[in-house]
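Hi everyone, thanks for making time. I'd like to walk you through one structure today, so please have a look at it before I start talking.

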Amino acid sequence: MAEDIRTMADTTGVAAFHHQFEKPYCVLLDSEYCSMGRMIGAKACEKAGYTYYDAVILLDLLNDKEVNVEFMAKVENQLRNRHLSKEEILAVDGYQKLNDAFDKAIDMALAKGPCLIHDRAIKEDIEKRGYSVFTVLNYATDNKTKIERAKLSPANSDCHSDEEFLARIQEEDNIRYNTHHAKSDTTWGDKATYDLCLNAETLGRDYAGELLANILTGR
C-alpha cells in the first residue's frame, strides 16, 4: 500500500501514536560473542549513570567461595555443544546451583540502583521483581572481525585456525542461548523480542555505546 504522509490524518492526541519513553531502572543487554557487547554496555553505563554487571562482576558481588568463575566454567562447558531443551538444561550438573547464585546476585545488584546486566537475566524475572526493563540485543555481522576479536581473548588460546575460532564463537553463543532458554519463553537473539537492536559492525563500538547511553538518558 502506498501511503502519502502529506495526506495522512492528524494523530494529535491519539494514544497509539504518543507513547512516551521513560528511563528504565534495569537494562538487559544480550550480545553475540565477539560483538563487543561488554565494551558497549560498560561505555553506555559510564555515560548514562548506570552500574554495569556481567557474569564475573555478579559472582564477585555474591562472593560465594563455592560458586565462582571456575564453577561457572565447569557448568557452562556442558551447555556449549548445541541448543538444548529446557529439560536437558535443568538436568545439567550444577546448573540449578549456578542459576540460584545468579538470581541472588541480581537481587543484590538491583537493590544497589539502576543497572545494566549483560547476558545473565531475562525480562520476565526483572519485571516480576517490580522493576522497569529495557532490552537490547547487540550483534555483529562480519565473521572476519569477530574472529579478530576472538583472537585477542586468552580464553581462546587453544584455537589456531579460523574454523576453530568460528566454532568457539558458536559454542559461546550456544551457552548464551541455553542459559536464556532455560528461563524464558522468548528466543535468545530473536530481534523481534528486543526493544533495541544494535549492529556493532555498522555503528562501531564507541558510537553504539554512546547511542545506547543517549537513549537511556532521554537525549
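**A tour of side-chain contacts**

Let me start with a single residue. Phe 21 has a relative accessibility of 36%, so Phe 21 counts as partly exposed. One caution before I go on: what you are looking at is a predicted model.

So what does Phe 21 pair with? Across the whole structure, a search turns up two aromatic pairs. In one of them, Phe 21 meets Phe 134 edge-to-face, with 5.6 Å from centre to centre and 75° between the planes. For an edge-to-face label the planes have to be over 60 degrees apart, and the 75° of this pair is what we have here. The two partners come from distant parts of the chain, 113 residues apart: Phe 21 belongs to the segment before β1, while Phe 134 is in strand β4, residues 133-139. And the partner's surroundings? Phe 134 has a relative accessible area of 9%, so Phe 134 is buried.

Staying with rings for a moment, there are charges placed over two of them that I'd like you to find on the screen. The charged end of Lys 191 sits over the ring of Tyr 139, at 4.3 Å from the ring centre. Over the face of Phe 71 you will find Lys 97, and there the distance to the ring centre is 5.4 Å.

Now let's go inside. Which residues touch the most other members of the largest nonpolar core? Leu 58, Ile 117 and Ile 126 do, in a core of 30 residues. Several elements supply at least two residues each, namely β1, α2, α3, α5 and β3. Helix α5 gives the largest share, with eight residues.

From the core, over to the surface. Val 56, Ile 57 and Val 69 make up a nonpolar patch there, and together they have about 190 Å² of accessible area. Val 56 is located in helix α2, which runs over residues 55-62. With 38% relative accessibility, Val 56 is classed as partly exposed.

A few words on the backbone, since I know some of you like to check torsions. Where do we find a positive phi in a residue other than glycine? Cys 34 is one such place, with phi near 70°. Met 36 is another, also with phi near 70°. Cys 34 lies in the loop between β1 and α1, and α1 covers residues 37-48. Met 36 is in the loop between β1 and α1 too. Are these residues buried or exposed? Cys 34 is buried at 11% relative accessibility, and Met 36 is buried with a relative accessible area of 17%.

There is one glycine I'd like to show you as well. Gly 113 sits in the loop between α5 and β3, and at 11% relative accessibility Gly 113 counts as buried. In sequence, Gly 113 and Tyr 25 are 88 residues apart, yet their C-alpha atoms are 7.7 Å apart in space.

Last topic: charged pairs. How many salt bridges does a search of the whole structure find? The count is 17, and I'll pick out a few around helix α7.

Glu 148 and Lys 151 meet through their side chains at 3.4 Å, N to O. Both are in helix α7, residues 143-151, three residues apart, which is about one turn of the helix. Glu 148 is partly exposed with a relative accessible area of 46%, and Lys 151 is partly exposed at 41%.

Lys 151 also forms a salt bridge with Asp 162, with the closest N and O atoms 3.9 Å apart. A salt bridge has to fall within 4 Å, so this one is worth a look if you vary the cut-off. The pair links distant parts of the chain, with Asp 162 in helix α8, residues 162-181, and Lys 151 in α7, eleven residues apart.

Next to look at is Arg 149, which forms a salt bridge with Glu 201, the closest N and O atoms being 3.1 Å apart. Here Glu 201 is in helix α9 and Arg 149 in helix α7, 52 residues apart. Glu 201 is partly exposed at 24% relative accessibility, and Arg 149 is partly exposed with 21%.

Finally, there is a network of salt bridges linking Arg 80, Asp 158, Arg 168, Glu 171 and Glu 172. That's my tour, and thanks for listening!

Note on methods. Residues are numbered from 1 along each chain as its sequence is written. This is a predicted model: local features need pLDDT of at least 70, side-chain atom pairs count only at pLDDT 80 or more; totals for chains, interfaces and linings use all residues. Side-chain values use heavy atoms; hydrogens and water are left out. Rings of Phe, Tyr and Trp (its six-membered ring) pair if their centres lie within 6.5 Å; planes under 30 degrees apart count as stacked, over 60 as edge-to-face and the rest as tilted. Helices (H or I, at least four residues) and strands (E, at least two) are DSSP runs, numbered from the N terminus. Buried means under 20% relative accessible area, exposed over 50%, partly exposed in between (1.4 Å probe, protein chains only). A charge sits over a ring if NZ of Lys or CZ of Arg is within 6 Å of the ring centre and within 35 degrees of the ring normal. Patches are made of residues with over 30% relative accessible area and no salt bridge: like charges are joined within 9 Å, nonpolar side chains (Val, Leu, Ile, Met, Phe, Trp, Tyr) within 5 Å. Accessible areas come from the Shrake-Rupley method with a 1.4 Å probe; for residues, only the protein chains shown count as cover. A nonpolar core is a set of buried Ala, Val, Leu, Ile, Met, Phe, Trp, Tyr and Cys residues joined through side-chain atoms within 4.5 Å.
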